[in-house]
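Work through the exercises below with the sequence and the structure open beside you, and try each task before reading its solution.

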Amino acid sequence: ADLDFLARARVHTLEALTFSTNIVEIISGGSYEATIMPNIFEHLWFLALIMQVYLVFYVVMGLVKKIANPKNSDRIAAIVCFIIAVISYVIMALIGGKYQEYTRAYFGPDSHLWSFFLGASLALLLKSFNGVKLVFKKWVNYLGVVVCGGLIVYLGIITTFESTDTFVYI
């Protein structure tokens, strides 16, 4: 068994170096929680996922910059990012919810694009308002931090975990 582990370590090292750990887990039908012979680089699946998201983002932004008018490119990029975010969220909901393919939803880059692209769309939207100056007093910023922090604490208090993959609100 020790030799099997060492033989698989070479393959796992190659997966980690090529940022494909998550894709290999999906193809092999692996589960993050149930492995008999552990992948020593299994936790690098998220780094692989992030690299894949950056690659998709780079391609999308490159296409938008080539196609769009330079004056409106930030707004168009924001819209494209928002559309990708919505599509990715629907994919995640279908794969993980309706079809209950939890491993696929967990490791899949297409089901994780939504959060990155939603943030990118908001950032690009704010950037497109470069001529508009938003002036807030300091107390408004502090109030925003307190409200967001309070909401996080509140959600943490009312959420209870019934199993490893479900939660309910009281």
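**Exercise 1.** In this predicted model, decide whether Gly119 is buried, partly exposed or exposed, and then place the residue in its surroundings.

*Solution.* Begin with the relative accessible area of Gly119, which is 37%. Buried means under 20% and exposed means over 50%, with partly exposed in between, and therefore Gly119 counts as partly exposed. Next, find the residue along the chain: Gly119 lies in helix H6, which covers residues 113-128. Finally, look across to Ala85, which is 34 residues apart from Gly119 along the chain, although the C-alpha atoms of the two are separated by 9.0 Å.

**Exercise 2.** Work out how helix H2 (residues 21-28) is oriented relative to helix H3 (residues 45-67), and describe their contact.

*Solution.* The two axes come within 7 Å and cross at roughly 110°. Angles of 65 to 115 degrees count as roughly perpendicular, so H2 is roughly perpendicular to H3. On the H2 side the contact is made by Thr21, Asn22 and Ile23, while H3 contributes Trp45, Ala48, Leu49 and Gln52. Sorted by character, the residues of this contact are four nonpolar, three polar and no charged.

**Exercise 3.** Describe the largest nonpolar core and find which helix supplies the largest share of it.

*Solution.* This core has 14 residues, and those with the most contacts inside it are Val60, Met61, Cys81, Phe117 and Leu124. H3, helix H4 (73-98) and H6 each supply at least two of its residues, and the largest share, five residues, comes from H4. To follow one member, leave aside the neighbours of Val60 within four places in sequence: Val60 is then in contact with Val80, Ile84 and Phe117.

Technical notes: Residues numbered from 1 in each chain as written. Predicted model: local features only at pLDDT ≥ 70, side-chain atom pairs only at ≥ 80, totals over all residues. Heavy atoms only, no water. Axes fitted to C-alpha atoms, helices over the stretch in contact; angles between N-to-C directions. Helix = DSSP H or I, 4+ residues; strand = E, 2+ residues; numbered from the N terminus. Parallel < 35°, antiparallel > 145°, perpendicular 65-115°, else oblique. Contact = heavy atoms within 4.5 Å. Nonpolar A, V, L, I, M, F, W, Y, C, P; charged D, E, K, R; others polar. Buried < 20%, exposed > 50% of the residue type's maximum accessible area, 1.4 Å probe, protein only. Core = buried A, V, L, I, M, F, W, Y, C linked by side-chain atoms within 4.5 Å.
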